[in-house]
Structure formats: C-alpha cells, structure tokens
Amino acid sequence: MTRRLCAALAAAGLISLSLPALAHDQSSTPPDGAGAQYTRDGLAPIRADSHAPIGVMGDHMHKAGEWMFSYRFMHMRMGGNKIGTDYVSAEEIATTEPNRFFGTPGQPPTLRVVPTSMHTNMHMFGAMYAPTDWVTLMVMGNYTTKSMEHTTFQGAVGTTQLGTFETNTSGFGDTTVTALGKIYEDEIHHFHLNGGLSLPSGSITKEDQVLTPMGMTPTQRLPYAMQLGSGTVDLKPGLTYTGSTGDFGWGAQYASTIRLFRNSQDYALGNNHMLTAWGSYQPKPWISGSFRLTGRTAGQIKGIDSEIVAPVQTADPDNYGGQRLDASFGINLAGQQGVLRNSRLGLEFVVPFYQNLNGPQMAARWAVVVGVQKSF
C-alpha cells in the first residue's frame, strides 16, 4: 500500500474510535416516546447509511441552502493481461499478438512491449450546494498519478527479455459539473435524476521515456491509458434511487458517460455505462456496513492519435473497453454531535469477479476508496 493509503486508513481507525463516544449510547429517549434516541445536544440522530457507499457519486441531495464539501482518495491496481475472459502471458502476447503499426519504420510484427502492472492514485475534491429542496448542484475535480510497468522483449521475434521500464504521469484530470433533480420522495423512497458535463481539464499529451525492442530509450507520447483526461466535453446522464426503513438501507444508480465528439488529437474515448445496487445495515445510527454490486461496460476508442505509435497493446485503440462486474464491501461512519456532527467517513474495498476485455488488455485487480464529507 502507498503511504497515503496507509495514512487514510489510520485516520479512519482513529475517527471510528472517537465516533461511538458521540453516538447513541450517550443519548436519551425523546419526550414523544417514539423510540428514537436523541443526542445530549437534543438533536435527532443522523443515519450513517443516508449516504450511499463512498464509491458512489451523486447519490444524495441536500436541503435548500445546505453545502457539503468532500475529499476522496482512490487507489487502484491492475495486473496480468486478458483477451476476453482468459488470462494470457506476456510471452504469448509478444509472439502472437499483431502490432497494428507493423510496416511503419521501426515497428515489429507483434507486440514486443507488454504492460505488466499499473497503479493509479486519485485525489477527488467535491462540493455540493442546494439552491432549493428540489435541486442540488455538484462540482468535482481530481488530481491523479499513474504508473505502468512494462517488459520489453528483444528484437522482432522470440521470448528473450531485453529489460523492464516504468512510465509515470501526474496532474489534474477532467472536471465534472452536475445537477441533481428530485423526482419523488416519501418517508422511505427517494428518486432523483443526475445530469452533468465532464469538462476537458486533464492533459491528453503526456510523454515519458520508454525502452524499445531495439534497446533505444526515446521520450514519446504515452498511450491513452496513461493520459489524464478525455480531451472532450462529455454528457453524464444518470438516475438514482435510495430507500431505508428501520436499520436497513438500499439503493441503485445508473450512470453513463457519452462522448460528444473527437478531441484535438482526433480520437474519442469509448462511451461508459454503469449500473450499481447496494444494501446496508446499521446496528447503530453512527455506523453502517454495506455490500454493493456493480456492472460496467465501456466501448473501444474511436479514432487514433497519430503521435501514439508503439509495439504495445495500450497504443491500439481497439484494445480498450469491455465488461466488468465488481463486488464492494464498505463502512460508513457519521458523527452525531459536537464538531463531528454532519461529518462522515466512508471506506470501500472493491474486487472484480468477472472481466470480459477487448484485449489484450490489463485486468483490474482491486481498488480501495476512502473519503470524508462535511455538511453545513
């Protein structure tokens, strides 16, 4: 784990120890005898599961005049390569998978550079404001670092390894602005529409040094997976449902990203669609656990950047997209009184259990998301 991840998990542990002291076991029964409990400050308890698991964005709305600020940290790891649902070795890719750039000077017939692992760290900063009870506005930006390790095979044929190398990028990614519009709400159920735009604030021209099959180490534009943005204005429509009764909560969300046109480098990333559903249980108002299932589908890249030419699978727009199913396990903590009231901490661990990739393509291994939220 990275140092940032360890620090975030340590902070989660410290807050989880402090929250119980501010929760139900220090409260009293309300005078109306309804069975709910109030804090020592005379305030009603805040449900830990009134927000979705921390990995879900745009899941809840706010009352008129309310603000919320959030910070999330995500660490994701990828490793190994798949074609469809089957793992393939680096040696198999290097000797059998065709290089679409073969015929261009210096390009071998097969993919002689094979990515073996990738680490992504993303810092996400968000703000929400509700001008009315029926509309909540949201903006989110991120700062991302990526590193990808590769094995280079010597020459044009064979399985002799020439060496390994790592490429790195970092910087701000694309910015999302969203409006949430309430459709229906009662004591149990809530529905709202998600409508947003992704603005191209992330770079799509990052470069780094690579190791070629001929032993050269030029600096060149990195493949699409290592860039920080899409380069396009994208539509982000969606629909969210949440519900709760007693100690149980649940919800579902559909979200998508629709590319409107090609970017300045003459390509567009594939359209994405995501459907997720979760259930939660809170033994006390200040803490809840969750389980979530997520299905994702992503299209191939349309077009091609003429500056991205290399005997590596990530340089081929056809080797992007596919389908994936994830299982996620989470915990939400909600402060009940004092300075921690209206503060939340969430943690979620994500594990893919099915992947069908337009490959060869690196497979997702696992991800962890930790975040804090504060309402005013």
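**Burial, cores and aromatic contacts in a predicted model**

Of the 376 residues of the chain, 48% count as buried. The model is a predicted one. The chain contains 2 helices and 17 strands. About 17000 Å² of the chain is exposed, and carbon and sulfur atoms supply 60% of that area. Among contacts with a separation of 6 or more, 69% involve residues 24 or more positions apart.

The largest nonpolar core comprises 20 residues. Within this core, M118, Y224 and A315 have the most contacts. M118 also touches residues from several stretches of the sequence list. With neighbours within four places set aside, the contacts of M118 include M76, R77 and M78. K146, S147 and M148 are also in contact with M118, as are A225, M226 and M362. A second core is separate and has 7 residues. V88, I93, A94 and V114 are among them.

Aromatic pairing was examined next. The structure holds 11 aromatic pairs. One of them joins Y71 and F125 in a tilted arrangement, with 5.4 Å between centres and 45 degrees between the planes. This pair links distant parts of the chain. Y71 belongs to strand β1 (residues 67-84), F125 to strand β3 (residues 113-132), and the two are 54 residues apart. Y71 counts as partly exposed, at 28% relative accessibility. F125 is partly exposed too, with a relative accessible area of 44%.

Y224 and Y267 form an edge-to-face pair. Their ring centres lie 4.8 Å apart, and the planes meet at 75 degrees. Y224 sits in the loop between β9 and β10, whereas Y267 lies in strand β12 (residues 267-268), so the pair ties together parts that are 43 residues apart in sequence. Y224 has a relative accessible area of 5% and is buried. Y267 is buried as well, with a value of 1%. Y224 thus appears both in this pair and among the residues with the most contacts inside the largest nonpolar core.

Other aromatic residues group together or carry a charge over the ring. W67, F69, Y129 and F376 form one aromatic cluster. K374 lies over the face of F376, at 5.9 Å from the ring centre. K182 is placed over the face of W134, and here the distance to the ring centre is 5.1 Å.

Two loop residues were also considered. S230 is found in the loop between β9 (219-221) and β10 (234-245). S230 counts as buried because its relative accessibility is 2%, under the 20% cut-off. A polar atom of the S230 side chain lies 3.2 Å from the backbone nitrogen of T232. Beyond residues up to four places away in sequence, S230 touches D174, I204, R259, N263 and L269.

P285 occupies the loop between β13 (272-284) and β14 (287-298). With a relative accessible area of 11%, P285 is buried. P285 and D49 are 236 residues apart in sequence. In space, their C-alpha atoms are 8.1 Å apart.

Note on methods: Residues numbered from 1 in each chain as written. Predicted model: local features only at pLDDT ≥ 70, side-chain atom pairs only at ≥ 80, totals over all residues. Heavy atoms only, no water. Helix = DSSP H or I, 4+ residues; strand = E, 2+ residues; numbered from the N terminus. Buried < 20%, exposed > 50% of the residue type's maximum accessible area, 1.4 Å probe, protein only. Contact = heavy atoms within 4.5 Å. Areas by Shrake-Rupley, 256 points an atom, 1.4 Å probe, with all protein chains shown as cover. Polar contact = N/O pair within 3.5 Å; in protein donor to acceptor, adjacent residues only side chain to side chain. Phe/Tyr/Trp six-rings, centres within 6.5 Å; stacked < 30°, edge-to-face > 60°. Lys NZ or Arg CZ within 6 Å of the ring centre and 35° of its normal. Core = buried A, V, L, I, M, F, W, Y, C linked by side-chain atoms within 4.5 Å.
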